[in-house]
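Biologist: Every label needs a threshold behind it. Walk me through this one, and defend each term as it comes up.

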Amino acid sequence: IVVKPLNSAPKRLQRMLLRLQKYNLKVKYKRGKEMFLADTLSRAHLCEVSTCEYSADWEEIDQTSTLAVTEEQLKALQQASGEDHVLAQLRDTVQHGWPNNKSEVPEMLHAYYDFRDELTHQGPLVFKGERLVIPAKMRKEMMEVTHATHIGREGCIRRARETMFWP
């Protein structure tokens, strides 16, 4: 994730990546059994941790606040996303972790595997970076809404690519 463009990272990682930009880092993967210090620290947790008043800002990011949709559209998207079986499976996989091999991923999620590190979810909605993954039954409607703005062909395509995603 550190070699990809910053805007392709999930919002929860963007703040960390921005803070790390001033350093010249070399990130190298290490297997869990080779990380002795991290393993020791994870087993020696503090019983009571004091939090500052700003910790909620660091831990919670409302991705729906930056979406360019009306309240009615947002509710319709949330309902359609909650009913979509593919997005339900995708949310579950994002929440519990992706398998190491694409062959272990359910067939319906193969299209999402190549950018699995960019996917997050908030409630029923799934995001690829800052772009909303549109449920199958809403795709035609969202394209009609995009075309209804009359900003020209290139403008419609640019706007759709900035805000929506589906494989």
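Modeller: Start with helix 8: Glu154, Arg158 and Arg161 are exposed, on the other side of the helix from its buried residues. The labels rest on cut-offs: buried is under 20% relative accessible area, exposed is over 50%, and partly exposed lies in between, with a 1.4 Å probe and protein chains only. Helices (H or I, at least four residues) and strands (E, at least two) are DSSP runs numbered from the N terminus.

Biologist: What kind of model is this, and how are residues numbered?

Modeller: It is a predicted model: local features need pLDDT of at least 70, side-chain atom pairs count only at pLDDT 80 or more, and totals for chains, interfaces and linings use all residues. Residues are numbered from 1 along each chain as its sequence is written, and side-chain values use heavy atoms, without hydrogens or water.

Biologist: Which residues of helix 8 are buried?

Modeller: Gly155, Cys156 and Ala160, in a helix that covers residues 153-163. Seen down the axis, they fall within an arc of 130°, so they line one face of the helix. The arc is taken over directions from the helix axis to the C-beta atoms. An α-helix has 3.6 residues a turn, so residues three or four places apart point the same way.

Biologist: Why is Ala160 called buried?

Modeller: Its relative accessible area is 13%. That is under 20%, so the label holds.

Biologist: What do the buried residues of helix 8 pack against?

Modeller: Helix 7 (139-147) and strand 4 (164-165). Contact means heavy atoms within 4.5 Å. C-alpha to C-alpha, Ala160 and Val145 are 10.0 Å apart, with their positions 15 residues apart in sequence.

Biologist: How many salt bridges does a search of the whole structure find?

Modeller: The count is 2. The test is a side-chain nitrogen of Lys or Arg within 4 Å of a carboxyl oxygen of Asp or Glu. Side chains of opposite charge can pair when their charged atoms come close.

Biologist: What makes Glu83 and Lys137 a salt bridge?

Modeller: The closest N and O atoms are 3.0 Å apart. That is within 4 Å, so the pair qualifies. It links distant parts of the chain, 54 residues apart: Glu83 sits in helix 4 (residues 71-83), Lys137 in the loop between strand 3 and helix 7. Glu83, at 42%, is partly exposed. Lys137, at 59%, is exposed.

Biologist: What about Glu118 and Lys128?

Modeller: Their N to O distance is 3.4 Å, which is also a salt bridge. Glu118 lies in the loop between helix 6 (110-113) and strand 1, and Lys128 lies in strand 2, 10 residues apart.

Biologist: Are Glu118 and Lys128 buried or exposed?

Modeller: Glu118 is at 9% and Lys128 at 14%. Both values are under 20%, so both residues count as buried.

Biologist: How do you know which strands are at the edge of the sheet?

Modeller: The sheet is open, with 4 strands in the order 1-2-3-4 and mixed pairing. Strand 1 (119-122) and strand 4 each pair on one side only, and that makes them the edge strands. Pairing requires at least two DSSP bridges between two strands.

Biologist: What makes strand 2 a partner of strand 1 and of strand 3?

Modeller: Strands 1 and 2 run antiparallel and share 4 bridges. Strands 2 (residues 125-128) and 3 (residues 131-133), also antiparallel, share 2. Both counts reach the cut-off of two, so both pairs stand. Gln122 stands opposite Leu125, and Phe127 has Leu132 as its bridge partner. In the hairpin of strands 1 and 2, Gly123 takes a positive phi near 65°.

Biologist: Which residues form the nonpolar surface patch?

Modeller: Val2, Val3, Tyr23, Leu25 and Val27, with about 540 Å² of accessible area together. Areas come from the Shrake-Rupley method with a 1.4 Å probe; for residues, only the protein chains shown count as cover. Patch members have over 30% relative accessible area and no salt bridge; like charges are joined within 9 Å, nonpolar side chains (Val, Leu, Ile, Met, Phe, Trp, Tyr) within 5 Å.

Biologist: Why is Val2 called partly exposed?

Modeller: Its relative accessibility is 45%. That falls between 20% and 50%, so the label fits. Leaving aside neighbours within four places in sequence, Val2 is in contact with Leu17 and Val27.
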